[in-house]
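The exercises below are meant to be worked through with the sequence and the structure in view. Each task is followed by a solution that goes step by step.

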Amino acid sequence: MARAGEHVGVELSAHGIGLRLGGSTVLSGIAVPRVGPGQVLGVAGGSGAGKTLLLEVLAGLRTPDTGRVSVQAPPDALRYGFVPQDDIVHRALPLRTALEYAARLRGTDPGEVPLVLEELGLGAVAEQPVRTLSGGQRKRASIAIELLSRPRLLFLDEPTSGLDPLAGAQLTEYLRRLAGTGVTVVLTTHTPADLLRCDRVLFIAPTGRPGPSGTPAELLDASPDGTLEALYSAETAPEPHEEGAAEEPAPPAAAPATGALRQWAVLSGREVRLLRHDRLTAAITVGSPLIIIAMFALLFRPGVFDPDHPSPAASAMVLFWIAFGAFFFGLAYGLPQICGELAVLRRERRTVLRLGPYLLAKLTVLGPVLLLADALLLVVLRALDRLPEAAVSVHVSLFTTTALASFAALALGLCCSALVSEPSQAALVLPLLCFPQVLFSGAFVPVPGMAAGGRWISVAMTNRWAFEALGSGADLERLWRGGGTEGRALLASYADSFGRPAWYGWAVLAGCAVGLLVVAWLVLRHRCPAARHRLSRTAAGPARP
């Protein structure tokens with residue numbers, strides 16, 4: 001929002017906008033009348049007419065196939081915000097906290113947050129979790145995030161959708177006041193009452209062609225029955241003439257830029273706060289390792305690594321389930337991370353968010369938790385005599401293996417979380433990822449005894465490399481040589497599975513972790529693209545009032 005005394009502004013117009021999706025024409029020959037500072041443009045039309053698509057084209061989030069979007073703005077005034085239809089805010093955080101992190105991510109002074117909250121009438125609920133707010137309050141919270149960067153051009157996709165008439169009227173009245181400070185406002189709506197508060201209205205016909213446009217008074221005069229509702233199905237525009245290829249706009253000076261290191265720090269802090277405020281997730285994060293450790297202690301008897309009376313088969317199973325426990329910790333932590341906030345990620349990608357710092361923040365916060373869980377698992381098992389009594393170097397080797405196994409599984413979880421769309425789908429993926437890791441790890445059927453197809457699949461199983469690295473670190477071959485007939489039989493069936501040094505398995509696990517993180521980055525880059533182009537500046541002088 002502009003402060004008193006500011007006289008800068010942005011003018012927006014478009015000509016001949018055409019767009020094709022999936023081989024079909026969804027917008028054709030759309031012309032947007034010039035709208036400037038202090039004005040509100042309403043885009044109306046029936047469901048599926050293309051209102052959101054046109055808004056994305058105007059905002060530079062989608063490149064049209066034909067036509068051109070023109071913007072006139074002073075060099076330092078081209079700051080814009082885009083508010084999507086959904087209420088996209090982290091719901092577990094208190095409202096003030098959510099806005100403060102949004103401000104830091106955009107490079108804005110968090111001290112702006114109280115002012116924005118008061119401007120939107122949200123000061124009284126600033127300390128409440130977002131999930132406890134009413135629908136109208138969440139809509140205003142979503143708008144507040146964009147106002148933090150003080151945009152001069154604001155796009156809103158159906159801001160009154162889902163609100164009762166009173167809340168909707170209050171919100172559009174606020175947008176009217178916001179425009180009065182010199183902001184150019186463009187919104188889509190399917191509510192006729194919203195259009196009466198706009199300066200100009202543009203209808204899109206059901207076919208994606210231009211419909212009637214003008215001031216609300218002009219449209220009421222032209223309506224067959226004197227209402228705006230009658231214009232939702234109107235087909236009044238002439239056949240569109242063919243336009244040339246869309247002009248590729250140049251990048252603008254949008255929101256203040258934040259560096260990768262700064263973004264990583266802000267996102268890491270937000271991850272910690274989310275973990276603290278989401279009690280169910282925190283309970284699962286802390287509780288699941290404790291439950292698994294308790295099951296380990298009950299499942300295996302003490303002394304299976306006693307060199308004088310070894311239990312070869314049991315020692316193999318102890319190491320396998322340690323490897324699987326480390327895998328499960330990482331996978332369970334990673335799977336819900338991205339899909340649960342995919343909508344927030346998409347919104348932030350439209351402004352300043354970089355995917356590298358985003359993924360690194362996940363590792364920064366979850367990594368220490370995983371390391372603590374792995375260390376606790378090994379310490380408890382050793383204290384209960386479920387691990388060999390050996391030199392410190394042996395236990396360091398075991399810990400390094402479990403840590404790398406957990407990080408590889410965390411990377412797998414993040415990768416799969418990026419592929420699915422909601423936490424319920426991630427829950428279904430969990431067993432599908434666990435079963436192959438159990439079957440093809442080489443613990444129940446040694447890798448040398450598998451069919452050719454099974455041996456190839458086992459190469460891709462991180463649990464196999466963790467199991468073999470643990471066996472090498474614990475020197476299972478030496479233990480089994482003193483294990484009588486059972487030990488010799490296991491040595492023959494496993495062949496050289498534990499003959500490679502532990503660092504070989506570490507290298508494979510580290511490579512898997514890096515590779516899976518790269519895949520997660522590529523998936524997110526495809527699913528949550530940054531703006532394909534930004535608004536172009538076609539004039540450097542100040543916009544006309």
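**Exercise 1.** Decide whether Glu477 is buried or exposed, and then examine its salt bridge with Arg481.

*Solution.* Begin with Glu477, which has a relative accessibility of 18% and therefore counts as buried, where buried means under 20% relative accessible area, exposed means over 50%, and partly exposed lies in between (1.4 Å probe, protein chains only). Arg481, in contrast, is exposed, with a relative accessible area of 54%. The two residues form a salt bridge in which the closest N and O atoms are 3.9 Å apart; a salt bridge here is a side-chain nitrogen of Lys or Arg within 4 Å of a carboxyl oxygen of Asp or Glu. Both residues belong to helix α17 (residues 476-481), and because they are 4 residues apart, about one helical turn separates them. Helices (H or I, at least four residues) and strands (E, at least two) are DSSP runs, numbered from the N terminus.

Before going on, note that this is a predicted model, in which local features need pLDDT of at least 70 and side-chain atom pairs count only at pLDDT 80 or more, while totals for chains, interfaces and linings use all residues. Residues are numbered from 1 along each chain as its sequence is written, and side-chain values use heavy atoms, with hydrogens and water left out.

**Exercise 2.** Work out which parts of the chain are tied together by the salt bridge of Glu158 and Lys51.

*Solution.* The side chains of Glu158 and Lys51 meet at 3.9 Å, N to O. Glu158 lies in the loop between β6 (153-157) and α5 (165-179), whereas Lys51 lies in helix α1 (residues 51-58), so the pair ties together parts that are 107 residues apart in sequence. As a last step, check the accessibility: both Glu158 and Lys51 are buried.

**Exercise 3.** Do the same for Glu348 and Arg270.

*Solution.* Glu348 forms a salt bridge with Arg270, and the closest N and O atoms are 2.6 Å apart. Since Glu348 lies in helix α11 (residues 342-349) and Arg270 in helix α8 (residues 260-277), the pair ties together parts that are 78 residues apart in sequence. Glu348 and Arg270 are both buried.

**Exercise 4.** How many salt bridges does a search of the whole structure find, and which residues are linked with Glu146 in a network?

*Solution.* The search of the whole structure finds 19 salt bridges. In the network, Glu146 is linked with Arg106 and Arg347.
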